[in-house]
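Welcome! Here is a short briefing to help you find your way around this structure. Take a look at it first, and then follow the topics below.

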Amino acid sequence: RESGDKAYETDAVTFARKSVELLEAGKLPQSFAPYKDQGETSGWMHFIIGFLSFEKDAKTAAEEAYKAVQFETPIKNDPLPYYMIASYYEDLYTKFSTAKTEPAKTEKAIDLMLDAYARTCKRAEVTKNPGNTQWKERLAQIYKFRKKTDAGLADFIAATDSMPLADPAKF
């Protein structure tokens, strides 16, 4: 999409949602081209919904990004869906910390944000994504804030994929 050109975003999201609905109902096309199979098609459709929702609805973007990375597709190894999830947790953290009424939820949002940023940075380094420097700086800030030290950050990033990614829809 061209910068600032959002004329077809609503239609694209509508078509992607309909595609997911049909796939989940077992109504499969004769060919999944340009994708290789149903899983890859589903992953991309969820990613499209999430990506195009990102600016307006961080929660939907995070939920759809999470669904997208559940499939064995190139998206699973891309930093962007994890960044979208991290951004959602950033929004929640801001909301909870400003309200100052739910410290347990605030801490959980920080932990989930750390996890999502670590996954973002791990993939951004491998793919040499230009956003890696900015994402890694943010991860380091959050990590030091939460852990009161920056010791162990590299090990934290390395170990992140050893645990399942939390579903943002369940927070």
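Let's start in the loop between helix H1 (9–24) and H2, where proline 34 lies. The peptide bond leading into this proline from alanine 33 is cis, with omega near 15 degrees. Please keep in mind that this is a predicted model.

**Backbone features in the loops**

- Most residues other than glycine have a negative phi, and most peptide bonds are trans.
- Against that background, the cis bond from alanine 33 to proline 34 is a good spot to visit.
- Another stop is lysine 128, which is not a glycine but has a positive phi of about 55 degrees.
- You will find lysine 128 in the loop between H5 and H6.

**How H2 packs with H3**

- Helix H2 spans residues 38–53 and helix H3 spans residues 58–68; their axes lie 7 Å apart, and the packing angle is about 160 degrees.
- Angles over 145 degrees count as roughly antiparallel, so this description applies to H2 and H3.
- The crossing in which H2 passes H3 is left-handed.
- On the H2 side, the contact is made by Gly43, His46, Phe47, Ile49, Gly50 and Ser53, while H3 brings Ala58, Thr60, Ala61, Glu64, Lys67 and Ala68.
- Sorted by class, this contact has five nonpolar, five polar and two charged residues.

**How H4 meets H6**

- Helix H4 (residues 79–99) and helix H6 (residues 132–147) cross at roughly 40 degrees, and their axes come within 13 Å.
- With that angle, H4 is oblique to H6.
- H4 passes H6 in a left-handed crossing.
- From H4, the residues Pro79, Tyr83, Glu90 and Tyr93 meet Trp135, Arg138, Ile142 and Phe145 of H6.
- Six of the residues in this contact of H4 with H6 are nonpolar, two are charged and none is polar.

**The largest pocket**

- How much space lies in the largest pocket? The value is about 170 Å³.
- Which helix gives the most to the lining of this pocket? That is helix H5 (residues 103–127), with five residues.
- The full lining consists of Lys108, Asp111, Leu112, Asp115, Arg119, Phe156, Met163, Pro164, Leu165 and Ala166.
- By class, six of the lining residues are nonpolar and four are charged, with no polar ones.

Definitions and conventions: Residues are numbered from 1 along each chain as its sequence is written. This is a predicted model: local features need pLDDT of at least 70, side-chain atom pairs count only at pLDDT 80 or more; totals for chains, interfaces and linings use all residues. Side-chain values use heavy atoms; hydrogens and water are left out. On a 1 Å grid over the protein atoms alone, a cavity is a set of points where a 1.4 Å probe fits but cannot get out, and a pocket is an open set with protein on both sides within 12 Å along at least five of seven lines; lining residues have an atom within 4 Å of a point. Grid points are joined across faces, edges and corners, and a volume is the space filled by probe spheres set on the points. Helices (H or I, at least four residues) and strands (E, at least two) are DSSP runs, numbered from the N terminus. Ala, Val, Leu, Ile, Met, Phe, Trp, Tyr, Cys and Pro count as nonpolar, Asp, Glu, Lys and Arg as charged, and the others, Gly among them, as polar. Axes are lines fitted to C-alpha atoms, for helices over the stretch in contact, and angles run from 0 to 180 degrees between N-to-C directions. Angles under 35 degrees count as roughly parallel, over 145 as roughly antiparallel, 65 to 115 as roughly perpendicular and the rest as oblique. A crossing is left-handed if the near helix is turned anticlockwise from the far one by less than a right angle, and right-handed if clockwise. Contact means heavy atoms within 4.5 Å.
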